[in-house]
Amino acid sequence: MQTAYLNGTLLPLSEARVSAMDRGFLFGDGAYEVIPVYSRRPFRLAEHLRRLRQTLDGIRLDNPHDDAAWARLIGEIIARNDGEDQSVYLQITRGADTRRNHAFPASVTPTVFVMSEPLLTPPPAQRETGIAAVSAPDMRWLRCDLKTTSLLANCLLRQLAVDAGCVETILFRDGYMTEGAASNIFAMKAGVMLAPPKNHLMLPGITYDVVLELAAAHGLPCEVRDVSEDETRAADELWMTSSTKEVLPITLLDGRAIGTGQPGPAFRNMYAWYQEFKQTVMRCGE
Ligand code: PDD
């Protein structure tokens, strides 16, 4: 049985209910985070909570808890759910109103929801052969830096990949690569790792930061700058990163091979560094 938290109460996930007048349901008016948990310890919790604050500030919603209270709550959910490795999902919406109205209610009681699911990291075959991606114009709004529950565009874009038998959709806006439908994208060219800069056009990924830190720590040359669509298609390697997918090589884009069409040497290094980092920081402890 999965145990969830809803508005102050721990309860079986299957019994969690919110009002049909909740603005999360009516408008997608809310913020969320997905936090991977390894050996029952949340990965980069402080960074996830910082991004949550940025999203809440960006959508003008008060943070219902300080970081210490969030940490206690998340710890409680981890303890009450099965599995050493989990994926904690938390969501705060602007709560239920008495009538449907785009403008905010005069007083807000947010809906706070936390649950945990088993952490399903990608099957090894996806790392060994790489995954296929499609591309699409990035038709989302201009605050992609906020992790809001208004995810219809991301859902439609990810579904394009699934419809084509692929794993991810790489997004291009005005001739430049922004990110994936639910991941950040890195390119390798001539031994240099290329990463689009954090701005309003992409989510500042927690895994993205880890990958940049690992590149710096291991001396992999890196340029954080706009990456054009042409550069993306002509890359030697492409990777996608996210909390649940970690780092995955993209070896086919729109039916054409990326580089050799096989996961490249830089990916293999980065994947090994990532696992080593996880192992050191999370599993063996301080
Ligand atoms: N999504 N960009 C988008 C649009 C995302 O939805 C995600 C992650 C990322 C990667 O961010 P991070 O490394 O912090 O997970 C980038 C999560 C996993 C989700 O919505 O399920």
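The largest nonpolar core of this predicted model is made of 24 residues. If you want to find your way into that core, look for Phe186, Met193, Val211, Leu220, Trp239, Val247 and Met270, which touch the most other members. Now see which parts of the chain feed into this core: strand E10 (184-189), strand E11 (192-195), helix H6 (206-218) and helix H8 (265-283) each give two or more residues. Helix H8 provides the largest share, with 7 residues.

Next, let's look for empty space. Rolling a probe the size of a water molecule over the atoms shows where such space is left. Here the search turns up 1 cavity of 30 Å³ or more, and the volume of the largest cavity is about 40 Å³. What lines it? Walk along the chain and you'll meet Asp236, Glu237, Leu238, Pro249, Ile250, Thr251, Ile258, Gln262, Pro263 and Gly264. Sorted by character, the lining has 5 nonpolar, 3 polar and 2 charged residues. Two strands, E13 (237-242) and E14 (246-253), supply at least two lining residues each, and E14 has the largest share, with 3.

Finally, turn to the aromatic rings. A pair of rings is described by the distance of the centres and the angle of the planes. In this model the count comes to 7 aromatic pairs. One aromatic cluster brings together Tyr38, Phe43, Tyr274 and Phe277, so to speak a little gathering of rings from separate stretches of numbering. 

One more ring is worth a stop: Arg94 lies over the face of Phe104, at 3.6 Å from the ring centre.

Key. Residues are numbered from 1 along each chain as its sequence is written. This is a predicted model: local features need pLDDT of at least 70, side-chain atom pairs count only at pLDDT 80 or more; totals for chains, interfaces and linings use all residues. Side-chain values use heavy atoms; hydrogens and water are left out. Rings of Phe, Tyr and Trp (its six-membered ring) pair if their centres lie within 6.5 Å; planes under 30 degrees apart count as stacked, over 60 as edge-to-face and the rest as tilted. A charge sits over a ring if NZ of Lys or CZ of Arg is within 6 Å of the ring centre and within 35 degrees of the ring normal. On a 1 Å grid over the protein atoms alone, a cavity is a set of points where a 1.4 Å probe fits but cannot get out, and a pocket is an open set with protein on both sides within 12 Å along at least five of seven lines; lining residues have an atom within 4 Å of a point. Grid points are joined across faces, edges and corners, and a volume is the space filled by probe spheres set on the points. Helices (H or I, at least four residues) and strands (E, at least two) are DSSP runs, numbered from the N terminus. Ala, Val, Leu, Ile, Met, Phe, Trp, Tyr, Cys and Pro count as nonpolar, Asp, Glu, Lys and Arg as charged, and the others, Gly among them, as polar. A nonpolar core is a set of buried Ala, Val, Leu, Ile, Met, Phe, Trp, Tyr and Cys residues joined through side-chain atoms within 4.5 Å. Buried means under 20% relative accessible area, exposed over 50%, partly exposed in between (1.4 Å probe, protein chains only).
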